[in-house]
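Me: I am new to this structure and would like to go through it step by step. Could you show it to me, please?

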Amino acid sequence: MTDTVAQPAVADAKAAPDTMAWDSGLRRLMMIYLPLGCFVLILLFPFYWMAITSFKPNAELLNYKQHNPFWISSPTLAHIKHLLFDTAYPRWLWTTMWVAIGSTTLSLIASTLAAYAIERLRFRGSPYVGLGIYLAYLVPPSILFIPLATVVVQFGLFDSPLALILVYPTFLVPFCTWLLIGYFKSIPYELEECALVDGATRLQILRRITLPLAVPGLISAGIFSFTLSWNEFIYALAFIQSGANKTVPVAILTELVTGDVYQWGALMAGSLLGSLPVAVFYSLFVDYYVSSLTGAVKE
Amino acid sequence: MSVTTLSSPALAQRQPSWLVRLFDYKPFLIVMCLAPAIGLLTVFLTYPLGLGIWLAFTDTTIGRKGVYVGLENFQYLLTDPLWWNAVFYSVVYTGIATFGKFALGFWLALLLNNHFPFKSLLRAIILLPWIVPTVLSALAFWWIYDPQFSIISYLLVDVLHWRSSNIDFLGSAWPARFSLIAANIWRGIPFVAISLLAGLQTISPSLYEAAMLDGASAWQRFRYITFPMMMPILAIVMTFSIIFTFTDFQLVYAITRGGPVNSTHLLATLAFQRGIAGGELGEGAAIAVSMIPFLVFATLFSYFGLARRKWQQGESND
């Protein structure tokens, strides 16, 4: 929030000298608004196309000669109805949600404790533990999924959403720990010292002082983890076999893409519905999201 | 009577204080706090990483424990044209996509750094491609790249009359490769732009004022102030971007699955095809392990190549 308040002031200060060079409004239009408009148009077009396809009847979908493809003349809910009642889509959504909530909770707990230990309970070698956790973030899932599949089989978790809940923290914990270390750093250490002098135990300090002050950080980490685990694909593809246990991204690609004739309407409706929860969730907490993204990079 | 009433509260107070004292004992607390994170990462990250390297030296298949075969898997890969093809495309894909993402992302960040109305709304909208599950937006691209009903072909052929026939985006090797790269750039721009915007906002306006007093042109201000000041953040963002572009899986798997005729396989999709779909775990693991040298090289190159500028200028390491 503070970020957005401070920003216009900075921009104002920068705009003031700029006006000397950029005196004409036309030039500003050509150099800023036009390219910006193109960027927004291109970045948003696939979503528009996705949305418009999911409400188009099949006749319009495959006939550009008689219908303007950029608009719908007779919108229909047939694709969405097909998705919700003729496929296991609600089930996939439900699984995805539980996996995302489960892995987010698990990684938040683990990374809050780890970040507190590394940043506040300073011990010999704590910077190295922190560095080790950062490095874990640089190990991409594409290298790990094959051996992880055998580990998951060994644990008897193959084809179970529980496997995903346990595996997703491998990329969530490093990120969240990184983010929370930054947040804990910004909380004055004197507050904790006061509490220590007053006889509070370490756990009381964590619960009563540090955590309430780190709530924005926890929210950022939580949103980030939720979207990352909602979007995860390769592990879910490799570890889940039965149709009922699949997550939305995997299920749409493996269960809805059938035969030679693609059901574009249903596919796009599925993509739209699968994107909406993260998009809505994201729009509620945009500021936290942006600050966590930029904060993590700045660290 | 009085003795019992006195001793029981005292006892009750001592009973929890033993537990409390244990939890206040710093070494114990450190171990307790680090245990969940370190445990999870050891079991599901470090151990599989080691296991993956071990698997690459065995002939394990699904359902059969393999034996140590030395470098056989790697020797086989070196003679396999498909592996070479995947290496080639992974490098091309990473190179062009990273260049595109950073050129366009930096431009977008510079545009967003200007003052205009609805700025935070615009910033929120721009991040959307990055928020939405990649596979789902990849499906939208698949539909956009449809050979018959592509909206891009429609625009070029029927609206603008620039071409006479539809573009066959995914039907042959090079168009398919570039279509995938375009989709990857589209997805990567928001992350680069928003991270770089954060970096731009930390540059002090007084530097620009000083430069303008000295008569620096807009290009000189960009070249000698913006660009050097952005180097450290560029290095970090680029390292991440290169790692995750090189090991990309979702876009290619969703749009082409490596086709046509295996021309768009990245190392990750090839590893999946051989390791999980084909059941040759050992060979798949070898392909995955063969990504590691490239990643280490790319990381060192982008990090030290770009970050070096910072300490050459003698800035403090914050």
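Reply: The turns below go through the two chains, their contact and some local details; please note that this is a predicted model.

Me: What helices and strands does chain A have?
Reply: Chain A has 16 helices and zero strands.

Me: How much of chain A is buried?
Reply: Of its 299 residues, 42% count as buried. As for contacts in chain A with a separation of 6 or more, 77% of them are between residues 24 or more positions apart.

Me: And chain B, what helices and strands are there?
Reply: Chain B has 15 helices and zero strands. The radius of gyration of chain B is 27 Å, well over the 20 Å given by the globule rule for 318 residues, so chain B is more spread out than a compact globule.

Me: What box do the C-alpha atoms of chain B fill?
Reply: Taken along the principal axes, the box is roughly 105 × 70 × 40 Å.

Me: What share of chain B is buried, then?
Reply: Buried residues are 40% of the 318 residues in chain B. Among contacts in chain B with a separation of 6 or more, residues 24 or more positions apart account for 70%.

Me: Is helix H7 of chain B mostly covered or mostly open?
Reply: Helix H7 of chain B, residues 134–144, is mostly covered, with eleven of its eleven residues buried. Among the buried residues are B:Thr134 at the start of the numbering given for this helix, B:Phe141, B:Trp142, B:Trp143 and B:Ile144.

Me: Now the two chains together. How many residues of each are in contact?
Reply: The contact involves 84 residues of chain A and 78 residues of chain B. Helix H2 of chain A, residues 25–54, gives the most to the side of chain A that touches chain B, namely twelve residues.

Me: What classes of residue are on that side of chain A?
Reply: The side of chain A that touches chain B has 64 nonpolar, 16 polar and four charged residues.

Me: Let us take a pair of helices across the chains. How do H7(A) and H14(B) lie to each other, parallel or antiparallel?
Reply: The axes of helix H7 of chain A (residues 141–154) and helix H14 of chain B (residues 281–289) come within 8 Å and cross at roughly 155°. An angle over 145 degrees counts as roughly antiparallel, and H7(A) and H14(B) are therefore roughly antiparallel to each other. Their crossing is left-handed.

Me: Which residues meet there?
Reply: From H7(A) there are A:Ser142, A:Ile143, A:Ile146, A:Pro147 and A:Thr150, which meet B:Leu281, B:Gly284, B:Ala285 and B:Ala288 of H14(B). By class, this contact has six nonpolar, three polar and no charged residues.

Me: What about a pair inside chain A, such as H6(A) and H9(A)? At what angle do they cross?
Reply: Helix H6 of chain A (residues 126–137) and helix H9 of chain A (residues 169–186) have axes that come within 8 Å and cross at roughly 130°. That angle makes H6(A) oblique to H9(A). H6(A) passes H9(A) in a left-handed crossing.

Me: And which residues are in contact in that pair?
Reply: In H6(A), A:Gly130, A:Ile133, A:Tyr134, A:Ala136 and A:Tyr137 meet residues of H9(A), including A:Phe171, A:Phe175 and A:Trp178. By class, the contact of H6(A) with H9(A) has nine nonpolar, two polar and no charged residues.

Me: A change of topic: where is B:His161, and what is its phi?
Reply: B:His161 is found in the loop between helix H8 (151–159) and helix H9 (173–200) of chain B. Its phi is near 55°, a positive value in a residue other than glycine.

Me: Is B:His161 buried or exposed?
Reply: B:His161 has 8 other C-beta atoms within 10 Å. A residue with 12 or fewer counts as exposed, so B:His161 is exposed.

Me: What can you say of B:Asn262?
Reply: B:Asn262 has a positive phi of about 60° although it is not a glycine. This residue is found in the loop between helix H12 (250–255) and helix H13 (267–277) of chain B. With 18 other C-beta atoms within 10 Å, B:Asn262 is partly exposed.

Me: Finally, where does A:Val286 lie?
Reply: A:Val286 lies in helix H16 of chain A, residues 286–298. With 18 C-beta neighbours inside 10 Å, A:Val286 counts as partly exposed. The C-alpha atoms of A:Val286 and A:Lys56 are separated by 31 Å, and the two residues are 230 residues apart along the chain.

Key
Residues are numbered from 1 along each chain as its sequence is written. Chains are lettered from A and ligands numbered from 1 in the order in which they are written. This is a predicted model: local features need pLDDT of at least 70, side-chain atom pairs count only at pLDDT 80 or more; totals for chains, interfaces and linings use all residues. Two residues are in contact if their C-beta atoms, placed from the backbone, lie within 7 Å. Helices (H or I, at least four residues) and strands (E, at least two) are DSSP runs, numbered from the N terminus. Ala, Val, Leu, Ile, Met, Phe, Trp, Tyr, Cys and Pro count as nonpolar, Asp, Glu, Lys and Arg as charged, and the others, Gly among them, as polar. A residue is buried if 20 or more other C-beta atoms lie within 10 Å of its own, exposed if 12 or fewer, and partly exposed in between; C-beta atoms are placed from the backbone. The radius of gyration is taken over C-alpha atoms; the globule rule is 2.2 Å times the number of residues to the power 0.38. Axes are lines fitted to C-alpha atoms, for helices over the stretch in contact, and angles run from 0 to 180 degrees between N-to-C directions. Angles under 35 degrees count as roughly parallel, over 145 as roughly antiparallel, 65 to 115 as roughly perpendicular and the rest as oblique. A crossing is left-handed if the near helix is turned anticlockwise from the far one by less than a right angle, and right-handed if clockwise.
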